[in-house]
Amino acid sequence: MSRFISQKFEKLVPYTPGEQPQDKKYIKLNTNESPFPPSDKAVSGVSDIFKRLMLYPDPECTGLNEKFAKLIGVEKDEVMAVNGSDEILNFAFSAFCDKEKTAVFPDITYGFYEVFADYNGVPYKKIPLGDDFKINISDYFNANATVFIANPNAPTGIALTLDEVEEIVKNNPDNVVVIDEAYVDFGGESAVPLIHKYDNLLVTQTFSKSRSAAGARLGFGIACKSLIADLNTVRFSTNPYNINAMTMALGEGILDDEDYTRKNCKKIIEARLFAENELKKLGFEMTNSSANFIFARHKNISGEKIYKKLKEKGILVRHFNGERIKDFNRITVGTKDEMTVLIGKLKEIIKEEFK
Ligand SMILES: *Cc1c(COP(=O)(O)O)cnc(C)c1O
């Protein structure tokens, strides 16, 4: 840290992204990316864009917003494209939180929420999940704070039903409720239809997981027009050109090939079921995941040991040090072939451990 850093950032602890080591080729099951590349159809529109890169991109993201809005059944001014859904989460902390309107979220959830809170100078409270890692919805009623919930939650993968989400939204008439649906396409129920009924609901989605575009940085906020207008105030005050022209073209291409996305999600759900079954046979227990990852612990081997041994064997998974979750690893669901390799390596590890 230099002696010049602003006082407000002196104590800021940044978010730690999952490792992206470049030393050798790993099977990457640590950051919940898709194992499938964007489709040829999705990519085909991008090359034309390079010849037009001397121009600024459309700050209204007109074509992209229209296509996305149509797909999810809302109006184009009820959506807002963002540079990865992390950006809209940050905007939400800026737009809807302050010293009086603080923030609440579960103790075990996406690690970025507390970083965004700190970055924006917003006090926050973490509400413990139950012993079963489930969210108790009534803990969030009349929160007197902006509510942030990932649904399905990360890293547990456990989903709330749409009715449960609605209860939280309904019981916070004077607070914004942010539902982070990064993993909704792998088996969750989207709260998007509720934006027409509640003016305090913001749903966020991303193209980084189900839509094979983590590298392009594209996400969306979905809410009633007035919330979107507030978020646009923040966006136009920081980075009106947050979506670059290449990403905009790719995003439209991805939306033109929705079949491909749906097929891939189906494959991942199948691979998840396969891997869950195999893991159980090896003595793992896991939460009930509706996401593209499995949150699992072994009955005899520590989470850290499994993480390290898998890394030695060329497979990356995500291990967290948090007290309540240190026995677990979060394993991204890749292709069925990748899951087969994973199971093989885990068998080796178990054998080495008990020889
Ligand atoms: C991956 C993830 C995001 C952010 O994804 P972007 O790549 O920024 O779109 C947001 N929330 C959760 C819970 C995530 O796991």
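This passage describes the ligand site, the annotated domain and several backbone features of a predicted model.

The ligand is surrounded by G84, S85, D86, Y110, D180, A182, Y183, T206, S208, K209 and R217. By residue class, this shell comprises three nonpolar, four polar and four charged residues. Short distances link oxygen atoms of the ligand to D86, to K209 and to R217. In the case of D86, a backbone N or O atom lies 3.0 Å from an oxygen atom of the ligand. For K209, an N or O atom of the side chain is 3.0 Å from a ligand oxygen atom. For R217, an N or O atom of the side chain is 2.8 Å from an oxygen atom of the ligand. On its own, the ligand has 390 Å² of accessible area, and the protein covers 92% of this area.

K209 belongs to the shell around the ligand and also carries an annotation. An unreviewed UniProt entry places the feature "modified residue: N6-(pyridoxal phosphate)lysine" at this residue. K209 is located in the loop between β7 (201-206) and β8 (219-223). Its relative accessible area is 15%, so K209 counts as buried, the limit being under 20%. The side chain of K209 makes a polar contact with the side chain of Y183, at 3.3 Å. Y183 is itself one of the residues surrounding the ligand. When neighbours within four places in sequence are left aside, K209 is in contact with T31, N32, S34, A182, Y183, F186 and N292.

R217 is found in the loop between β7 and β8, where K209 is also placed. The phi angle of R217 is positive, at about 60°, although R217 is not a glycine. With a relative accessibility of 30%, R217 counts as partly exposed, because this value falls between the limits of 20% and 50%.

A second residue with a positive phi is N144, where the angle is near 55° and the residue is other than glycine. N144 lies in the loop between β4 (124-127) and β5. Its relative accessibility is 56%, and N144 is therefore classed as exposed, for which the value must be over 50%.

Cis peptide bonds are found in the loop that follows β5. The bond from N151 to P152 is cis, with omega near -5°, and P152 is found in the loop between β5 (145-150) and α5 (162-170). The bond from A154 to P155 is also cis, with omega near 5°. P155 is likewise in the loop between β5 and α5.

The unreviewed UniProt entry also assigns the feature "domain: Aminotransferase class I/classII large" to residues 25-345. This span is 36% helix and 17% strand, and its end C-alpha atoms lie 16 Å apart.

Another loop, between β1 (27-29) and α1 (40-44), contains N30. N30 has a relative accessibility of 0% and so counts as buried. The side chain of N30 makes a polar contact with the side chain of K28, at 2.9 Å. With residues up to four places away in sequence not counted, N30 touches G18, E19, L316, V317, R318, R330 and T332.

Methods
Residues are numbered from 1 along each chain as its sequence is written. This is a predicted model: local features need pLDDT of at least 70, side-chain atom pairs count only at pLDDT 80 or more; totals for chains, interfaces and linings use all residues. Side-chain values use heavy atoms; hydrogens and water are left out. A residue is near a molecule or strand if one of its heavy atoms lies within 4 Å of it. A polar contact is a pair of N or O atoms within 3.5 Å; within protein, one must be able to donate a hydrogen and the other to accept it, and residues adjacent in sequence count only if both atoms are side-chain atoms. Accessible areas come from the Shrake-Rupley method with a 1.4 Å probe; for residues, only the protein chains shown count as cover. Ala, Val, Leu, Ile, Met, Phe, Trp, Tyr, Cys and Pro count as nonpolar, Asp, Glu, Lys and Arg as charged, and the others, Gly among them, as polar. UniProt positions are given in the numbering used here, feature names are shortened, and annotations may be inferred rather than shown by experiment. Helices (H or I, at least four residues) and strands (E, at least two) are DSSP runs, numbered from the N terminus. Buried means under 20% relative accessible area, exposed over 50%, partly exposed in between (1.4 Å probe, protein chains only). Contact means heavy atoms within 4.5 Å.
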